[in-house]
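Visitor: I should like to understand the terms applied to this model, and how each one is justified. May we begin once the structure is before us?

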Amino acid sequence: MLLKDKVAVIYGAGGGIGGAVARAFASEGARVFPTGPRLASVEVVAKDIVAAGGSADAAEVDALDEEALERHLQSVIDRAGRVDISFNAVGIPTAEMLGVSLIDLDVEQFSLPLATYATSYFLTARLAARRMVPNRSGVIMTVTSLHSRTGIPSVGGYGPAMAAKEALTRDLSAELAPQGVRVVGLRPQGMPGTRTIKEGFEPRAKASGMTWEQWQEMLASKTHPRRLMTLEEMANMAVFMASDKASGMTGTTVNLTMGSLDD
Ligand SMILES: NC(=O)c1ccc[n+]([C@@H]2O[C@H](COP(=O)([O-])OP(=O)(O)OC[C@H]3O[C@@H](n4cnc5c(N)ncnc54)[C@H](OP(=O)(O)O)[C@@H]3O)[C@@H](O)[C@H]2O)c1
């Protein structure tokens, strides 16, 4: 087991990516603490993990509320003794910001993803780092998308927000890696079965004239294997990057776009 007895806190664990990562971490032996703004969605994930023989404690935590984050992380330390992995998989609804050209976008809509994604990642990373540095051990992780590195129309502040998170991964690593803490990101292409990919399609459906199936085929056609990555494949990579086997990886975002985005 790659993560045996590791203590992992996952933010946004009720979502597609956070839920898949929590399940994968637990199946590799981690004790996981799935959190999200609505207890009901994270409890579903925790119950699945426990039913499969794993260890999970769900909690309602808003990953933009510093006091709530601090209280929860302290409760994890009180129960488990330490935190080894912090994974920020927070995602906000995009319906209102996608499909609008930048010249027509209002400033609140532009600023929302920038403030939400970068701030939440900063808060969760900083609080985890304060616990990890004294142990000279730990891994801080998050997820971004190919919007960080390529121009895509009508996505508002989402691309700049993803770029900001990737910059923060590098800067956190530059400060924390000398103190034994790795910082790594994952950058998947759209994955079928997640609400994010559906939300990306809906505002463009009318203008593009594509059906839902044609939209997924169009995305898949941009990858080298001509298919989209599954949540399971992404979660397997998250497990590896969180594990001690990836001790040589820090300050970087792993390109999981399967060729859609050249390095
Ligand atoms: N899915 C993909 O194909 C894909 C590909 C590349 C990148 N990404 C990016 O990866 C991230 C996660 O994507 P996803 O598909 O897993 O999205 P998702 O299914 O919508 O999940 C996002 C999760 O974040 C939670 N959340 C929202 N606000 C929060 C807050 N303030 N504090 C804590 N949690 C909060 C949501 O809670 P509720 O459940 O309570 O609403 C939800 O569970 C997003 O940034 C997305 O853009 C996704």
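Guide: Let us start with burial: a residue is buried when its relative accessible area is under 20%, exposed when that area is over 50%, and partly exposed in between, with a 1.4 Å probe and protein chains only. The model is predicted, so local features need pLDDT of at least 70 and side-chain atom pairs count only at pLDDT 80 or more, whereas totals for chains, interfaces and linings use all residues. Residues are numbered from 1 along each chain as its sequence is written, and side-chain values use heavy atoms, with hydrogens and water left out.

Visitor: Why is T116 called buried?

Guide: T116 has a relative accessible area of 6%, and buried means under 20%; therefore T116 is classed as buried. T116 is found in helix α4, residues 107-135. Helices here are DSSP runs of H or I with at least four residues, strands are runs of E with at least two, and both are numbered from the N terminus.

Visitor: What makes the approach of the T116 side chain to the backbone oxygen of L112 a polar contact?

Guide: A polar contact is a pair of N or O atoms within 3.5 Å; within protein, one must be able to donate a hydrogen and the other to accept it, and residues adjacent in sequence count only if both atoms are side-chain atoms. The T116 side chain reaches the L112 backbone oxygen at 2.6 Å, so the distance meets the limit of that definition. With neighbours within four places in sequence left aside, T116 is also in contact with L64 and I92, where contact means heavy atoms within 4.5 Å.

Visitor: Which class does T257 belong to, buried or exposed?

Guide: T257, in the segment after β8, has a relative accessible area of 0% and is therefore buried. A polar atom of the T257 side chain lies 3.1 Å from the backbone nitrogen of L261. Not counting residues up to four places away in sequence, T257 touches L146, R187, P188, Q189 and T223.

Visitor: Why are A59 and A56 placed in their class, and G54 in another?

Guide: A59 has 15% relative accessibility and so counts as buried, and A56 is buried because its value is 14%. G54, at 24%, is partly exposed because this value falls between the two cut-offs. As to position, A59 lies in strand β4, residues 59-60, A56 is in strand β3, and G54 is in the loop between α2 (39-51) and β3 (55-56). Beyond four places in sequence, A56 touches V32, P34, A46, I49 and V50, while A59 touches P34, T35, G36, L39, V42 and H72.

Visitor: What is notable about phi in R136 and R226?

Guide: Most residues other than glycine have a negative phi. Phi of R136 is near 50°, a positive value, and phi of R226 is near 60°, also a positive value. R136 is in the loop between α4 and β6 and, with a relative accessible area of 53%, is exposed. R226 is in the loop between α7 (212-221) and α8 and is exposed at 56%.

Visitor: How do you know that the span of α8 is close to the expected one?

Guide: The expected span is 1.5 Å times one less than the number of residues. Helix α8, residues 231-242, has 12 residues and reaches 16 Å from its first C-alpha to its last, close to the expected 16 Å. Its buried residues are M234, A235, A238, V239, M241 and A242; the buried residues of α8 pack against α1 (16-27), β5 (85-88), β6 (138-143), β7 (181-188) and β8 (252-256).

Visitor: What makes a residue part of the shell around the ligand?

Guide: A residue is near the molecule if one of its heavy atoms lies within 4 Å of it. In this model 27 residues surround the ligand, the closest being I17, A63, Y158, M191 and T196. An oxygen atom of the ligand is 2.5 Å from an N or O atom in the T196 side chain, and a ligand oxygen is 2.9 Å from a polar backbone atom of G15.
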